[in-house]
Amino acid sequence: MASAPIVTTLSHKEWVQDGDSAVLKPMYPWEGNAVTSPSVIKKDKTYYMFYAGARHNAPQQIGLAKSADGMLWERVSNKPFFANGDVGSWNYNESGNPHIFEASNGKTYLFFQGNNDAKSSYISYVEIGWGKNGPYILE
């Protein structure tokens, strides 16, 4: 992880390496050999990171971690927050590359890429609700 000042030009010289390893390393079978594509949102005093576990089409699935300071992260579960779909579904091969977004109306959406053939890509989203235990998918 790296950081830069709040007021910055984002030039190379302004970035500082924070720590000497990745903030999350794969540890569950569904995460395969990669934890990638982090997208972070802060709610109250907690940061939530939505991330892709495994590489594309392995299948890739979305995990969730939380942090009090944005530096030390713990997984919320040993299972994906948003898994790939069932055989034959539009997101069978992948539900990954997440991005968490809070709209101006206060609603939160989790955007992600899905595919079922390792050739196509479909961008989709789910609405996210917030409870005392953090985010959940609204259905």
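**Entry 1. Lys 43 and Glu 102**

I began with the salt bridge that Lys 43 forms with Glu 102, and I found the closest N and O atoms 3.1 Å apart. I note at once that this is a predicted model. I then looked up where the two residues sit: Lys 43 belongs to strand E3 and Glu 102 to strand E7 (residues 94–102). The pair links distant parts of the chain, 59 residues apart. I checked the cover of Glu 102 and read a relative accessibility of 37%. Glu 102 therefore counts as partly exposed, as the value lies between the 20% limit for buried and the 50% limit for exposed.

**Entry 2. From Glu 102 into E8**

I asked which residue of E8 is the bridge partner of Glu 102. That partner is Thr 108. I recorded seven bridges between E7 and E8, which pair in the antiparallel sense. The two strands form a hairpin with five residues between them. In the turn I noted Gly 106, which has a positive phi of about 90 degrees.

I next looked at the cover of strand E8 (residues 108–115) and found it mostly covered, with seven of its eight residues buried.

**Entry 3. From E8 to E9**

I followed E8 to strand E9 (residues 122–131) and found the two joined by seven bridges, running antiparallel. Within this pairing, Gln 113 stands opposite Ile 123 in E9. E8 and E9 also make a hairpin, with six residues between the strands. Here I noted Ala 118, which takes a positive phi near 65 degrees.

**Entry 4. Arg 75 and Glu 31**

I looked up how many salt bridges the structure holds and obtained two. Besides the Lys 43 and Glu 102 pair, the side chains of Arg 75 and Glu 31 meet in a salt bridge, at 2.8 Å from N to O. Arg 75 lies in strand E6 and Glu 31 in the loop between strand E2 (16–17) and E3, so the pair ties together parts that are 44 residues apart in sequence.

I asked whether Arg 75 is buried or exposed. Arg 75 has a relative accessible area of 16% and is buried, because the limit for that class is under 20%. Glu 31 is also buried, with a relative accessibility of 0%.

**Entry 5. The sheet that holds E6**

I traced Arg 75 into its sheet and noted that Ala 65 stands opposite Arg 75 in E6. Strand E5 (residues 61–67) pairs with E6 in the antiparallel sense, over two bridges. I then looked up the strand order of the open sheet and found E3-E4-E5-E6, four strands with antiparallel pairing. Strand E3 (35–43) and strand E6 (74–75) stand at the edges with a single partner strand each, so one side of each is left without a neighbour in the sheet. I add for reference that strands of a sheet pair through backbone hydrogen bonds.

**Entry 6. Ile 137**

I turned to Ile 137, which is found in strand E10 (residues 134–137). Its relative accessibility is 22%, and Ile 137 counts as partly exposed. I asked which residues Ile 137 is in contact with, leaving aside its neighbours within four places in sequence. They are Phe 81, Phe 82, Val 126, Glu 127 and Ile 128. For Glu 127, which is ten residues from Ile 137 along the chain, I noted a C-alpha separation of 6.1 Å.

**Entry 7. Met 1 and a surface patch**

I located Met 1 in the segment before strand E1 (2–3). Met 1 has 32% relative accessibility and counts as partly exposed. Met 1, Val 23, Met 71 and Leu 72 form a nonpolar patch on the surface. I recorded about 340 Å² of accessible area for the four residues together.

**Entry 8. The chain as a whole**

I closed with the whole chain, which has ten strands and zero helices. The radius of gyration is 16 Å, close to the 14 Å that the globule rule gives for 139 residues, so the chain is as compact as a globular protein of that length. I noted that the C-alpha atoms fill a box of roughly 45 × 35 × 30 Å along the principal axes.

Buried residues make up 35% of the 139 residues. I read an accessible surface of about 8600 Å² for the chain, of which 53% belongs to carbon and sulfur atoms. Among contacts between residues at least 6 apart in sequence, I found that 35% join residues at least 24 apart.

Technical notes
Residues are numbered from 1 along each chain as its sequence is written. This is a predicted model: local features need pLDDT of at least 70, side-chain atom pairs count only at pLDDT 80 or more; totals for chains, interfaces and linings use all residues. Side-chain values use heavy atoms; hydrogens and water are left out. Patches are made of residues with over 30% relative accessible area and no salt bridge: like charges are joined within 9 Å, nonpolar side chains (Val, Leu, Ile, Met, Phe, Trp, Tyr) within 5 Å. Accessible areas come from the Shrake-Rupley method with a 1.4 Å probe; for residues, only the protein chains shown count as cover. Buried means under 20% relative accessible area, exposed over 50%, partly exposed in between (1.4 Å probe, protein chains only). Two strands pair if DSSP finds at least two bridges between them. The radius of gyration is taken over C-alpha atoms; the globule rule is 2.2 Å times the number of residues to the power 0.38. Contact means heavy atoms within 4.5 Å.
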